Amino acid sequence: MSNQTIKSNLDYTLISIVLLLGCVSLFALHTIEPTLPAKYDGSHFLLKQTLWYIGGAILIFCTMLIDYDRFRQITWILYGAGITSLLMLYFRFPAAIVHESNGAVSWFKFPGLGTIQPAEFMKVILVLTIAHILVMHNEKYIMRTMKSDLLLLLKIAAVALPPMGLIAVQPDLGGFLVIAAITGSLILISGIKWRIIFSGLLIVLLIVGGAIAMWYLFPGPIADFLEESVFKHVSSRFYGWLNPEQNSDAGFQLIRAMLAIGSGQLFGKGIGDMQVYIPERHTDMIFTAISEQFGFIGASLVVTLFFLLIYRLIHIALLSNDKYGSYLITGLIGMFAYQIFQNIGMSIQLLPITGLPLPFLSYGGSSTLTYMLAIGIVLNVHSRTKKYMFE
């Protein structure tokens, strides 16, 4: 397909939505920077985020140059690289560049370049991998049977569980849940029989529910083991979510977030007027800054932009007449939809707080590049979608 054809097939609506979200992000960071604690002096978050967006635009351009179907040829190379990077973090190798923050070992720190979070890029890599598996399996097993569906489910689990486990032990509850959301969204459209999906979901819920019940009902060695091995990282988050007032340490960020959002009322306090201190406001809690300054109206406009983003992604997925392209976009929809719902939900006590950035708005190099790469893939699929006179 010629470059002129690709240019004419670009989805300018999606590009406009991403540009608007980028403008909101940069404006929010501009107003947040003067209010940040002294430890962030000289960090230049606005400048760095601008550079990340420019780098993301270049990444989109480079992604558009390659036919998205070519990604299938390097899928396993990318998957291997992603797992290797997560293993390096797990073994803290090389120690000189492994970076720990807030008790999580999730980054590589390079002098002069900042930090890179492999879990972010692993999200897109997993979408590419599972989409490739779905296409290969469904081409081989045209007549679906219980056995072929179970085999497909096993294949998906084989590629999804390793990154989920390696991200969970960092510990990174938010990243773990995003990987689960991506996997779940692709399973839903994989063609696997619904009774198998529901049975598998029921088994998972029973295991998790049983573990939680044993944690609460049987104090002693069982509770101690679960506390140290499974719930060490997440228990405080749940306590802080369910009753933040009585768990002031774990619930501090949530209490401050609710106070900031509520104090914005309908129209907000005005540009730059943020009187409520919230830790990590420029990253995970950037939605509170928008709500406090611009109130319910401003927050609603941001939520509307996200709705338009998800709607446009669904529209492009439905337009695609290539299964691989549809699978790719579906996995990315799962990634975006969950992160948006989780980030805004945790700010209003709808969900427990996890370290998840708000797509396109929160400050962060790895996350911004990941989102831009995802948009590049979607634009790639849309620009190469063949249109027929008769369908």
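## Aromatic contacts in the model

Tyr-40, Phe-45 and Tyr-363 come together as one aromatic cluster. The structure in front of you is a predicted model, so please read every value here as computed from it.

Let's look at how the rings pair up. Counting rings of Phe, Tyr and Trp whose centres lie within 6.5 Å, there are 11 aromatic pairs. One of these joins Phe-108 and Phe-110, with 6.5 Å from centre to centre and 45° between the planes, which makes the pair tilted. A second example is Phe-336 with Phe-360: the centres are 5.6 Å apart and the planes meet at 20°, so this pair is stacked.

What does the stacked pair tie together? Phe-336 belongs to helix 13 (residues 323-347), while Phe-360 sits in the loop between helix 13 and helix 14 (365-383), so the contact links parts that are 24 residues apart in sequence.

How accessible are these four side chains? Buried means under 20% relative accessible area, and partly exposed means between that and 50%. The table gives the value and class for each residue.

| Residue | Relative accessibility | Class |
|---|---|---|
| Phe-108 | 6% | buried |
| Phe-110 | 30% | partly exposed |
| Phe-336 | 0% | buried |
| Phe-360 | 1% | buried |

In the tilted pair, then, Phe-108 is buried at 6%, whereas Phe-110 is partly exposed at 30%. In the stacked pair, Phe-336 is buried, and Phe-360 is buried too.

Finally, a charged side chain also meets a ring: Arg-72 lies over the face of Tyr-324, at 5.5 Å from the ring centre.

Conventions:
Residues numbered from 1 in each chain as written. Predicted model: local features only at pLDDT ≥ 70, side-chain atom pairs only at ≥ 80, totals over all residues. Heavy atoms only, no water. Phe/Tyr/Trp six-rings, centres within 6.5 Å; stacked < 30°, edge-to-face > 60°. Buried < 20%, exposed > 50% of the residue type's maximum accessible area, 1.4 Å probe, protein only. Helix = DSSP H or I, 4+ residues; strand = E, 2+ residues; numbered from the N terminus. Lys NZ or Arg CZ within 6 Å of the ring centre and 35° of its normal.
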